[in-house]
Structure formats: C-alpha cells, structure tokens
Amino acid sequence: MLDAGYHEWHNVLNSRIERRLEVARLRTDHFSLRYGSVEAFSNINLEAQSGEFVAIVGPSGCGKSSFLNALAGLISPEAAHVEGNVFLDDVQRIKLTDWHGRLGYVFQQDALLPWRTVLQNVEIGLEIKGAPAAQRREQAQELVKLVGLEGFEHFFPYKLSGGMRRRVSLIRTLAYDPEIVFMDEPFGGLDAHTRMILQREVTEIWQRNRRTVIFVTHDLGEAIVMAQRVLVFSHRPASVVGDYEVPFPYPRDPITLQTMDEFAQLHLKIWRTLANEFRVEEAQSVLV
Amino acid sequence: MAVMANLGIVLRQMTAGRLGGITLDRTVKVWVYRLLAIGASYLLWDLSTGGLGLGWRAWPPVILASPSDTFASLSAYSASGLMGRDVTQTLLSALYGLVLAIVCGVVFGVGFAYVRIVGDTLEPIFSAVNSLPRLAIAPLLIVWFGLGIESKVALVWFTIVFIIYFNTYLGVRNLDPDLVRAVRVMGGNGYHLARMVLLPSVLSWIFAALRTSVAFSLAIAVTGEFVGSTAGIGYRLVIATGVLDTARVFAIIFLLMAIGFVLVQVTERVEKYLLRWRPEAIG
C-alpha cells in the first residue's frame, strides 16, 4: 500500500531525475591524446547521456586511464598534446577548473588524506564548496552510514582495511554531489569477495541517485554486471571498437547475474571483440 | 650533524621496538632494574668520593666532586638567584633561535621547492654551508652580534635552520601527487591544497626532525655561551671550570641534563600527538 508520504518522496525523486536529465551529458568529439610521438588514444567520439552508467573496458595499458585524465583536464599541456573537444551539456570543457566541482573522480588509489579521519576525509569536497561545519558533518555522517562504516568515523585511514578505504574514497566523491563521476578501476587490488560487495553497493547507490558515470575497468564481468553500456577500447592508440547495450534490469545482483545464460552470451560476444585487441597487442609486442 | 641526527632516529626506533608491545609486568620489571642501576651508579659515585662514612677517595675532589658537594652547590646556585637568570637566558637563546630557524627553514624550504630553478641553483651551496662545523663561526658571530643573547640566537638559528630547511624541502618534493590530484578534482584551489595537503605533509617532516632540533638548540646555546657571554648556563659552567670549582661544574651538568631531558620528553609527547595519524609514529 502506498501512502501519501511515499508519493511525495517519489515526486521529489522524479523531479530530481528530470533535473538530472538536463545536465551532465558528456560528449567527446574526435578526442585524441599524444605524448610526444606516442599516441595514447585517437579520435574518440563518446556520448554519455545524463544519468547513464557507461563502462570502458580494454587491454591493460591501452590508454583508458589517460582518457579519463584527459577528460578531467588533469593532463598538463606541456606533458602531452590534446586534440578534439570535450563537451559537458554542449559547453566545451578542457581545463580542470572548467569543471568547477561538478566532476567526481574515484582513483585507482584511494588517495585518502592520511592526516584526516574518515569523517574529515568525506567532508573535503563540502569544505571546498564552503558548506557550514554542522551541515558538512551531518552529510558526511549520513554517507558513512550508507556504506556501513558507523563506528569508524574517527579512525585514521591507516587503521582501515582496503575495502573500507575504497568505501571512504567513494563516499568522499559522492559527498559534494558531483553531476558526473569518473571511476578508474576503483576496486583494483581488492579481493574477489570485497569487489563483488562493492560492485553491488556502487550500483545500488547509482540507482538511488543517478549520476552520469564513466567507469573504467579491465574486468569485463564487472563492466557487464554494473553498467548500462559497455565500450570496448582497442589496443594503443585506443579507439572505440565496440559499443554494447547491457539490457539487464536493475537492481542487479552480481552473483546471480553472472550465473545467467544471457550474461554468458553477452560476455562472450564482447569478449570476442576484446580478445581480438589482446591478440593484436601480443603480436605487436612480439614484433617489437 | 646529519649523521648525529640519523643516529638519534635509529636509536629511538630501536628503543621503540624494544619497549613496544611489552606487558605491564615487563614495564614494572624494567622500572625496577632502572632504579637499581641508578642507585648502584649513585652508590659507586658516593663511595669513590669519600661518602658512605668511609672517607675513602679514589680521586681528588677537583676531578670528581662528591654527591653531597654537588647538591650543596646546586642549592646554593639556586638560592643565589643566579640559576633562574642563567636558565632563562640560555632557554631564551635556544627558543628564539629554534623558532626563527623553523620560520626561515619552512619559508625557504617551501619557496625553493616551488621555485625549482632557485632550489636547484642553491642546493649545492646550501649543502656546502651545511657541512661547515657550526662552532667555527661562533667567534665571528660574537664579533658581529656581541656578547649578549643575539650571538647565541644566531648560532642556534644557523645550526637548526638547515635541518628544518632540508626537511621542508623534502616534504614539498615528496608531496603525494595522488593527494594533490584528489583535492584538485574536488575543486580545491591553491589555498585548499596548501591547507589540506602541503601543510600537514610538510609539518610531518618537520616534526620528525623536531626532537633532534630541540636537543641541538639547547646544546648549541650552551656551547655558544662558552665562546663568549656575560650570562647563561654555559657562561657559569666556564667560570666554574676556570676556578676548578668541580662541585659547581657537576651541579650545572646535572641541571643541563634535567632541562634537556624534560625538553625532549615534552617534544616527544607533542610529536606523538600531532603525528597520531601515522601507522608507526617514530618513538
């Protein structure tokens, strides 16, 4: 039975999704990056709708991370040559400062400030935005609860396990409510079990509060389990060689999903494209 | 100087490893042994200088003063009011020198680490100056700054500033690029980076060197007073030595030991608190 409160909440949520539909649409146009004579990626035309969860897979070292870094404007013009355009809601963005705190980025390393407690780390983004201390604390506390880290609020990072640190890193990014979130192998170096739990947690959080997500991983299974769309990058210089819809409905459970035939078929289909890239890379390395 | 500093760190780590993780039982035992060792040394000292009612002396009083003479001299020194003045003078020299050295060291360290060309240019020069035995310029500093507190402050400053400078410089150069990137992505500007990443990182490097710096500042202030002064613990020590007042010399040495011990203990506590976010805070 649905009561009035539920309807109200539902309306709020819908209006929020509608609002989001107007923002955080990401588009790249002939986007290329070159370090000296080495091309990291070339001619990438990517389009991510508002609130869409896009995963990028590709052979290791193909330039997936460079792609995210270049998108975020983290690569200095002296270090590399960037060509093409990046548009956020049809407005061109190149420098990091152009994003003005609308971008969240979960790195391969958790990058927690070791001298700040869990809460203080989660508050960083809000602190930068100039939110009052009480409000910061309250929001951080809420997020800590969301990922089950109650009781660890005042712990310094060195006392946390790898999985806990990733959770803190994740909610630190969510705390300042970015419209678009980049994740670069956010579960790298974690054990299989923790990975699976975090895959589900992140997918659930994304469902509840939809943000545009660009998720880079070398794990095809992880990409299919989490994302709405999987892009396959070629070997270096990377370009998009495959674009697959993942039709499974949310909420998804990584474990049961992976036992389904449809999953296996899609996995195999994408894998063929991906494996081809591995072969090319291998052949190249033999030649070199 | 650097060797001494490193030795200090190594010694502290050894002690930390040995005392870390022991049970209360062991702690009590260690303290009993400690007191026994101190008591035995004291008895031996007293015995060899005519004490314990035996009246036997292994050496004349001018070589080794007896405990009773030493403590009598100490209380006379204290009662005369000279002790208070001397201690104040010496501690102020050490403190001013230390504070100025920290301020200058941090400013130069951060500045030269950022303006890379200046840092690279000056690094060999700084290293050369740093290898100069500090006491060699003490007489010159007396000529420049006089017999008062200023010359001692200058000497302490000159000794400590390099330790702080090198640590700050390393602190900035070793900034974790991941942390910088993380704060920048969240919209942080130069001010946020300085407050959230640079300052804590640099402070942790400085605090790692602070205990050595505190111990040095006291030692150098006293040594500076040897060279030329009109007051201070070192001044009093030179005078006592000059008139072969060994009891007074011993009294002053005990005083110095006590002050040094307290200073280092306090610094250690402060350091432990401020660096509590570290997995293995040294000490």
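**Exercise 1.** Within what distance do the axes of helix α4 (residues 82-114) of chain B and α7(B) come, and at roughly what angle do they cross? Give the handedness of the crossing and the make-up of the contact as well.

*Solution.* The model is a predicted one.
- Step 1: the two axes come within 6 Å, and the crossing angle is roughly 35 degrees.
- Step 2: the crossing of α4(B) past α7(B) is right-handed.
- Step 3: sorting the residues of the contact of α4(B) with α7(B) gives 24 nonpolar, six polar and two charged.

**Exercise 2.** Find the salt bridge between B:R173 and B:D120, place both partners in the fold and state how exposed they are.

*Solution.*
- Step 1: the side chains of B:R173 and B:D120 meet with an N to O distance of 3.6 Å, and the cut-off for a salt bridge is 4 Å.
- Step 2: B:R173 belongs to helix α7 (residues 149-173) of chain B, whereas B:D120 belongs to helix α5 (residues 116-130) of chain B, so the pair ties together parts that are 53 residues apart in sequence.
- Step 3: B:R173 has a relative accessible area of 28% and is partly exposed. B:D120, with 42%, is also partly exposed.

**Exercise 3.** Are B:R211 and B:E271 buried or exposed? Describe the contact between them.

*Solution.*
- Step 1: a salt bridge joins the side chains of B:R211 and B:E271, at 3.3 Å from N to O.
- Step 2: B:R211 sits in helix α9 (residues 190-227) of chain B and B:E271 in helix α11 (residues 246-274) of chain B, so the bridge ties together parts that are 60 residues apart in sequence.
- Step 3: B:R211 and B:E271 are both buried, which means that each has under 20% relative accessible area.

**Exercise 4.** Which parts of chain A does the salt bridge of A:R200 with A:D253 tie together?

*Solution.*
- Step 1: the closest N and O atoms of A:R200 and A:D253 are 3.1 Å apart, in a salt bridge.
- Step 2: A:R200 lies in helix α7 (residues 192-208) of chain A, and A:D253 is in the loop between β11 (240-245) and α9 (254-257) of chain A; the pair therefore links parts that are 53 residues apart in sequence.
- Step 3: A:R200 is partly exposed at 34% relative accessible area, and A:D253 is partly exposed at 24% relative accessibility.

**Exercise 5.** How many salt bridges are there over all chains?

*Solution.* Over all chains the count comes to 19 salt bridges.

Key:
Residues are numbered from 1 along each chain as its sequence is written. Chains are lettered from A and ligands numbered from 1 in the order in which they are written. This is a predicted model: local features need pLDDT of at least 70, side-chain atom pairs count only at pLDDT 80 or more; totals for chains, interfaces and linings use all residues. Side-chain values use heavy atoms; hydrogens and water are left out. Helices (H or I, at least four residues) and strands (E, at least two) are DSSP runs, numbered from the N terminus. Buried means under 20% relative accessible area, exposed over 50%, partly exposed in between (1.4 Å probe, protein chains only). Axes are lines fitted to C-alpha atoms, for helices over the stretch in contact, and angles run from 0 to 180 degrees between N-to-C directions. A crossing is left-handed if the near helix is turned anticlockwise from the far one by less than a right angle, and right-handed if clockwise. Ala, Val, Leu, Ile, Met, Phe, Trp, Tyr, Cys and Pro count as nonpolar, Asp, Glu, Lys and Arg as charged, and the others, Gly among them, as polar.
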